[in-house]
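Thanks for asking me to look over this one. Here are my notes, in the order in which I would walk through them with you at the screen.

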Amino acid sequence: SSGENINIFPEVSGPITKVLVREGQQVSAGTPLFTIDDSVQRPTTEQLRLQSEASLALLKELQAQPRTETLAISVSQVGLAESNLKSARDESAKRRASYDIDPKSISKDVLDTAEDAVEQAAAALDVARKQYELTKAGAWSYDITNQAKQYEALQQAYKAANALLQKFSVKAPGKGVVLAVNAAVGS
């Protein structure tokens, strides 16, 4: 009934920036009593928050793959490779027909070059199709898992930094009257 004295000490060190109460003032639990310089901890906490948000954005990007636009490009690349193969085959067939009619009408080198162009176009089509399949598959599950873990780690770092930041404001542990303030700005 007569109450008790509670000495309050900050959990972090640093110069006091504001004293928010005066002697004789009634306070309730959670009332801020004074603040400590948080000029280093506040930007560190904000940096971790922003890194966490950027990590989440990358995670969502990976989960949303494939993008419609990227898939459309892959489809177009397959179409172009098919067209190039057809063109190379047509050119080779013309050269072969000419050579078969009269071997002296074109050189063997021109014929070989046309046949090599068909093989190169076929290989390019194979690459384009594989690239399309890879794009269509979206992000690799390991990349998504890795990014999810990075996001989780950054979230935890942000929460820890924010919890520490809260300690730079000393609050009343319960309802009562401030009997003495033994702190001043700068101390």
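The points below go from the whole chain to its helices and then to a few residues.

1. A word on the source before anything else: this is a predicted model. Please read each value below as computed from that model.

2. Let's begin with the layout. The chain holds four helices and five strands. From start to end, these elements come in the order β-β-β-α-α-α-α-β-β. The helices therefore sit together in the middle of the pattern, with three strands ahead of them and two behind.

3. The overall shape deserves a comment. The radius of gyration is 36 Å, whereas a compact globule of 187 residues would have one near 16 Å. Along the principal axes, the box filled by the C-alpha atoms is roughly 120 × 30 × 20 Å. Burial can be put next to these values: 21% of the 187 residues count as buried.

4. What about contacts along the sequence? Taking contacts between residues at least 6 apart in sequence, 79% link residues at least 24 apart. Examples of such pairings turn up in points 6 and 8.

5. Surface and charge can be taken together. About 12900 Å² of the chain is accessible, and carbon and sulfur atoms own 54% of that area. There are 21 positive and 23 negative side chains, and 7 Å separates the centres of the two sets.

6. Now to helix α1, which covers residues 41–63. Its 23 residues reach 33 Å between the first and last C-alpha, close to the 33 Å expected at 1.5 Å a residue. Buried here are Q41, T45, L48, S52, S55, L59 and L62, and the buried residues of α1 pack against α4. The spacing of such a list is easy to follow, because an α-helix has 3.6 residues a turn and residues three or four places apart point the same way. S52 is a good residue to click on: its relative accessible area is 2%, so S52 counts as buried, the cut-off being under 20%. Beyond its neighbours within four places in sequence, S52 is in contact with Y151, L154 and Q155. L58, also in α1, has a relative accessible area of 36%, so this residue is partly exposed.

7. Just past α1, do look at the peptide bond between Q65 and P66. This bond is cis, with omega about 5°, and P66 belongs to the loop between α1 and α2 (68–101). For context, most peptide bonds are trans.

8. Helix α3 spans residues 108–137. From its first C-alpha to its last, the 30 residues of α3 reach 44 Å, close to the expected 44 Å at 1.5 Å a residue. Its buried residues are L111, A114, V118, A121, L125, A128 and T135, and they pack against α2. Take L125 as the example: a relative accessible area of 7% is under 20%, so L125 is buried. Residues V78, A81, E82 and L85 touch L125, leaving out those up to four places away in sequence. L125 and S83 are 42 residues apart in sequence, and 9.2 Å separates their C-alpha atoms.

9. A small backbone detail comes right after α3, where G138 has a positive phi of about 80°. Most residues other than glycine have a negative phi.

10. Helix α4 runs over residues 141–166, and its 26 residues should span 38 Å at 1.5 Å a residue; the end C-alpha atoms are 37 Å apart, which agrees. Q147, A161 and L165 are buried in α4, and their cover includes α1 and β4 (169–171). A153 is also part of α4, but its relative accessibility is 46%, so A153 counts as partly exposed.

11. Finally, two separations help to give a sense of scale. L58 and R89 are 31 residues apart along the chain, and their C-alpha atoms are separated by 44 Å. For A153 and D112, 41 residues apart along the chain, the C-alpha separation is 59 Å.

Conventions:
Residues are numbered from 1 along each chain as its sequence is written. This is a predicted model: local features need pLDDT of at least 70, side-chain atom pairs count only at pLDDT 80 or more; totals for chains, interfaces and linings use all residues. Side-chain values use heavy atoms; hydrogens and water are left out. Buried means under 20% relative accessible area, exposed over 50%, partly exposed in between (1.4 Å probe, protein chains only). Contact means heavy atoms within 4.5 Å. The radius of gyration is taken over C-alpha atoms; the globule rule is 2.2 Å times the number of residues to the power 0.38. Accessible areas come from the Shrake-Rupley method with a 1.4 Å probe; for residues, only the protein chains shown count as cover. Lys and Arg count as positive and Asp and Glu as negative; His and the chain ends are not counted. The place of a charge is taken as NZ of Lys, CZ of Arg, CG of Asp or CD of Glu. The expected span of a helix is 1.5 Å times one less than its number of residues.
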